[in-house]
Amino acid sequence: MKTTKELLNLCDQIAGITILELANSLKITPPRSLNNNKGWIGQLLEQHLGASGGNLPIVDFPNLGIELKTIPINPRTLQPLESTFICTAPFNQPGIGWEQSIVKLKLSNVLWVPIESVNNLDLINRRIGKAFLWQPNHDQLTILQQDWQELTEMLQFGNIQLLSAKYGQYLQIRPKAANCKDNLANYITSNGESIKTVPRGFYFRTSFTKSILSNFFIC
DNA sequence: CTCTGATCATTT
DNA sequence: AAATGATCAGAG
């Protein structure tokens, strides 16, 4: 992908078509449901749009500085149905500031692709919505930084046991793993004790993405 | 209905 | 083991 305009044009071309139509054009067979492959739609869009970030801790379109996020919405209310994963929350990595953080990198320039999604709508019949590019405004950025500071301090000061999803106004930290029994990561607590705990990730709260989307749809 | 904790697949 | 792509499902 050479330019942002080219990327947005590609998005416009698939706005309104169904998941099945896009999958067919890419010769991909959709799973029966997302139950056993929750990130499948995101990967479908990555492939179509030519995202190249892979699973490195960088944005999806490195040369454009754009992060791709599909977001499930209720087609009637146009409101998001889920929170949005941003990136892994790093354990025991003191000294990283907001400006250098992966969170800031990822949320600075996001290409949101709404996907029609309600429980009773088959995966293949869900339609792809009109994508739009978003950057946080000054006020949003202030809160996001505050949230990041608060959450990161709890992580770095060894207080992960106290850290739950209730902290943060726009951001939150929640488990991010295949399950909470295997795939445990090492964490050093404030006592200097090494424990195994479930990996965590930063997420946008649904209430925040609601305001992002409603601002866009009003414009 | 909203929110939090739990979970699934894949790649490097 | 840790990063990516997220949604599920029960609790409140």
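Two strands pair if DSSP finds at least two bridges between them. Strands here are DSSP runs of E with at least two residues, and helices are runs of H or I with at least four, both numbered from the N terminus. Strand β1 (residues 67–74) meets that pairing rule with β2: two bridges join the two strands, which run antiparallel. Ile73 stands opposite Pro80 in β2.

This is a predicted model, in which local features need pLDDT of at least 70 and side-chain atom pairs count only at pLDDT 80 or more, while totals for chains, interfaces and linings use all residues. Residues are numbered from 1 along each chain as its sequence is written.

The β1–β2 pair belongs to an open sheet of four strands. Its order is β2-β1-β4-β5, with mixed pairing. β2 (79–80) and β5 (132–134) stand at the edges with a single partner strand each, so one side of each has no neighbour in the sheet.

Chain A as a whole has six helices and nine strands. Its radius of gyration, taken over C-alpha atoms, is 18 Å. The globule rule (2.2 Å times the number of residues to the power 0.38) gives 17 Å for 219 residues, so chain A is as compact as a globular protein of that length.

| Property of chain A | Value |
|---|---|
| C-alpha box along the principal axes | roughly 55 × 40 × 35 Å |
| Buried residues (under 20% relative accessible area, 1.4 Å probe, protein chains only) | 41% of 219 residues |
| Exposed area (Shrake-Rupley method, 1.4 Å probe) | about 12000 Å² |

Carbon and sulfur atoms supply 50% of the exposed area of chain A. Contacts (heavy atoms within 4.5 Å) between residues at least 6 apart in sequence join residues at least 24 apart in 65% of cases.

Notes. Chains are lettered from A and ligands numbered from 1 in the order in which they are written. Side-chain values use heavy atoms; hydrogens and water are left out. Buried means under 20% relative accessible area, exposed over 50%, partly exposed in between (1.4 Å probe, protein chains only).
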